[in-house]
Each structure stands twice: as structure tokens, then as C-alpha cells.
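Visitor: I am new to this structure and would love a close look at a single part of it. Could you pick one helix and walk me through it slowly?

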Amino acid sequence: MKYYFLILFPFLSTLSFSQANTEVFLFNLEQSNSKIEVSNGINISNNEGYDNQPSFFGEDNILYASTRSGQTDIAQYNINYKSKTFINFTKGGEYTPLKIPNKNAVSAVRLDIDGKHRLYSYNLSNGESTELIKDLVVAYYTWYNEHSIVSAVIENEQLNLYVVNITDGTSRKYATSVGRSFHKIPKSDLVSFIYKEANKPWQIRSLNPKNGVTRLIANTMEGVEDICWLDGKTLLSGKNGVLYKLTLKRDNNWKKVADLSSYGISSITRLAVNDDGTKLLIAADLQSDKQDIETQNNVTEQTVTDPILSETEAAAVVQKHIEPFNNRELNDFANAFDANVVVNKFPKDYMYSGRNALKENYRQFFKNNKKSNVKVLNRMVHDNYVIDEELVTLNNLTIRQATIYNVDKDGIKSMTFIRNKNTTSNPETIVNDQLEAYNKRDIEEFTKTYTKDIKLYEFPENISSNGIEDLEKRYKVIFQKVPDLNAEIMNRIVLGNKVIDKEKVTINGKTYYAIAIYEVNDGLISKVTFIQ
């Protein structure tokens, strides 16, 4: 079978002279709010040949597949003593070693010299091995509990997802065309897996092994299928020598965490995090002398970062959902959005995510509202952000709202609704006073337009200034250092207590554009959110 040998190639590649030198690295991991730091990386395998598929075995030990004497066996590394031992002595090669829950034993995929390919358990007390699953060719897997295994099985020239009960020997197939990365999702009863539908982006999906229900979580980075969970909401993955993270309901795309090329890493594959999230294991190919690290890193950034669209292109992406909405064409409407679209209330009050969830939400919306129509009254565009002032008619009710769309060339990545809020004063008055003082570089008059607890944010909720003293200190320096400072309003939306301005700013002879969302309470500006 053709696919059978493709799957086994990483196992057999230790016999190839062109094999990449894979190693296992251990890093310290620290998380503070949305910031993740990795440090103190060490190469714990430090061995010529194939060292891969690491996992944590308790607090102090690590398991991984390691080459010795021409074959691959299960290595155990002690973190405290920095020592390496082998825990098996079979003639076959072992891969993907994992601790078996609630037992003093390890499981691993074994490829015997006669070609037999099965999943075995290894008793750590006496070293004996026992076949766990008879009749299924397991390539990759994870433990759901001590009785159940979620695995990728080689079948009909592809990998299919099976849940196997090793106690009673039953098995059931729940998905086809899956990848090699399986992980228990922390603080849940779910397992994540990679779904590889032909000619479409690879997906990270969840599986409930109890009932077989699968749901979309996110897309992988292009061409990348190895991920792990830092906690129940944050995923880690790697591309080339760079580590990335994706926090669900917060990040619209994979965000760079660290460039690990200084450790000699050229291509990150397998990843694992310990139970308390303080240590990270990475298996990776090492750089060859001919690799150009700087060029490689530049390619990585271009691959993951969305290109900036023109104003016309960005507006066209948003426009694609307007007509289908008004015509109540649900499929065309939903297809105007990315598969992982996130829908929020301003600034970041999460509503739901995913095209499927959006489709179900609007299916119910159309059912509840026999008449629905949206008309764009005003539109401003800045890079890949589009803000529309919209007049929405629902049955016999008409409302005005603003919506922030973050787009890429394929569709709408996020949609954030800004609702109208009643106000007794005109918020434009104080915002105009603020702009006048800004252009005069009058720090005293400028600060008078803000509340004492004024907060400045980068959209959606990254705070950049907190309190009037912080704001005064920041802008006092700007007013002193920039003699040609000037801001001009290019477009404006006024919605309740909010003023949304697209601004053209001159600083030291250069022109910049940004969108500022001012919130006014009791006649003063209490919050500003910048999209820039």
C-alpha cells in the first residue's frame, strides 16, 4: 500500500543517509496574561540520528523515541539528573512513547523486523511488552483514559480516526483523512485531532470519544499539522524555527511567540507541555551549514502575516456578505466569512466563533425575523479593517449600529458589533475640543478633555495608557518633540456616546493613518481605542 510506506517513512528514515538530524529540546515556559515566554532551552537528546516524539512522564521524566545501534527505542530522560536511559530492548523499533494512565507502564507504536506494525504496552517493572490492539495498524495516537485510545489507523491508503476500547476490544471509526497530532484538551472531556480535507486548509477539530461528535476549533498554519495545548484555550505550534500561539476567542491568527533559530532549530515538529504549563518539549530538525536563517525567518513571517489589502479590496471583501444577507441567502452569506471567524460585541465581548456557528446563528435569526435588511450609511477603511455605519431593519424596527470587520483576501476574519447607546449630550463637542488642543500642542487644554481614569487601548483590548497622569506624561513629550504635529479628520461616525474617527496624522514630515474610537461619559472622554 502506497500510503502505508509514506506513513512509515519517518520511522525508517534513520537508515537513510539524507536523513535530517532531529533532536529533542526542553524549554522553560512562562505565561503572563496573553504573553508567553520560552527560555533556557537545552538539547536533551544530543544524539546523531532520529530523536523525536517527546512526551512528559510525570514531573521529572521525559519519554521520546531515540536511535541507538541502528534502531529506534524508547529513551527516558530525567530532568533533575540530566541522565538518559533506555526502557526497552526489543528487536523492533518503537515510536511515540506515552505514559499509560494510572499504570506503571508505557505504550509505543512498534515496527517489528518482520514488518508487523502494532501498538504495544511496556511494563516498567519487568520490561515485558504486550500487544494492545490486534488487527488495527495504529500510526499515531493518544490516551483518552486507561481504557480508551484515540488513534490514526492506516486504512485504505489514508489515516482514519478510530476510538478503541482496549478492555473489551471494540473500536469505532469517527473520521477519515486525519493527521498525526492527537492531544487531550485540558479541562475538558475532548481530544483534538487534525483533519485534512483535500484541497482545503487543515483543521484542528475536537472529538468527544463518548459520542463521536466532532467540532471545528481552528485552522492550522499552512502545511503544519503538529500542535499542543498550553491550557484549555491556547494552542502552540511551530513553523520553521519559530514558535507560534493561538488563543481561542482572542487571536484571529497565529501569533509569533519566539524565534528559536538561535538554538540551531530549523523546523519544529512535535510539541508537548507538562501538566502545570511550565515546561515545553520541542522536537525539531537542526540547521545545516548551508541554511540561510535570516531568509528562512523572513519567509515565515510572510507566510503567517496577512498581506495588507488595498481599500478597494478590503471593502469588496466586506461587501460580499451584504447582498446575501438582504436576500436571506444563508449559504452565500456564511461563505463570505473565514472558517474560523470570531464574532464579538465591542470591544471583545465574545459571542461565538466559526463559520458553522455563524451559519446556525443566522439560520435562527432569519427564522425569528421575517424581514431583515442592512444598508451601509458610511464606511471607513484602514489596512485590513473596515468599519461600517449600518442601518438595520428587523421586521418593523430600525436600528443604527457600527460594525468592525477584520478581513483577509479570503473573507471576513472577525466581526465586532458596536451598539448604539443613548446619551444626553453631543459627544462630538468634547472630541473636537480634544482635537483642537492636540493640534495646538496645548497639554493643559488637551488633558482637560479626558476623565481622570482615562484608558487608551490598541484594538481590541491591549491597554497602552492608564490614567490621566500616564496620558499627560506621554503626550507632553510628543508635543515638545514634534513641532509639525497635526491631526485631520478624514471620516467620522457618531453612534450614541461614541465617536469613530479615521484620522490623518502628520509627525515629523511623515503621514500616518489610524482609526480612533472615542467613548464619552459625562461630557469627557473616558476611553479611546486605536486601530493603527
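**A close look at one helix**

Guide: Gladly! Before we zoom in, a word on the whole: in the protein, residues 24 or more positions apart account for 45% of the contacts with a separation of 6 or more. Please keep in mind that this is a predicted model. It has nine helices and 36 strands, and 52% of its 532 residues count as buried. The C-alpha atoms fill a box of roughly 80 × 55 × 40 Å along the principal axes.

Now let us turn to helix α9, which runs over residues 468–481. A good place to start is its length. With 14 residues at 1.5 Å a residue, α9 should span 20 Å, and its end C-alpha atoms are indeed 20 Å apart, so expectation and model agree.

Next, which residues of α9 are buried? They are Leu471, Tyr475 and Phe479. Seen down the axis of α9, these buried residues fall within an arc of 55°, so they line one face of the helix. The spacing helps to explain this pattern: an α-helix has 3.6 residues a turn, so residues three or four places apart point the same way.

And what does the other side look like? The face of α9 turned away from its buried side carries Glu469, Lys473, Gln480 and Lys481, which are exposed. To put a cut-off on those words, a residue is buried under 20% relative accessible area and exposed over 50%.

What, then, do the buried residues of α9 pack against? Their partners include two helices, α7 (427–440) and α8 (443–447). The strands β31 (450–458), β32 (462–466) and β36 (524–531) are partners as well.

Two of those strands lead us to a neighbouring detail in the chain. The loop between β31 and β32 holds Pro460. A cis peptide bond joins Phe459 to this Pro460, with omega about 5°. The model has another cis bond from Phe346 to Pro347, where omega is near 0°; Pro347 sits in the loop between β25 (337–345) and β26 (349–353).

Finally, you may like to set helix α6 beside α9. Helix α6 covers residues 355–368, and its 14 residues should also span 20 Å, in agreement with the 20 Å between its end C-alpha atoms. Its buried residues are Leu358, Tyr362, Phe365 and Phe366. They cover an arc of only 90° around the axis, which puts them on the same side of α6. Turned away from that buried side, the face of α6 carries the exposed residues Asn356 and Lys367.

Definitions and conventions
Residues numbered from 1 in each chain as written. Predicted model: local features only at pLDDT ≥ 70, side-chain atom pairs only at ≥ 80, totals over all residues. Heavy atoms only, no water. Helix = DSSP H or I, 4+ residues; strand = E, 2+ residues; numbered from the N terminus. Expected span 1.5 Å × (residues − 1). Buried < 20%, exposed > 50% of the residue type's maximum accessible area, 1.4 Å probe, protein only. Arc of directions from axis to C-beta. Contact = heavy atoms within 4.5 Å.
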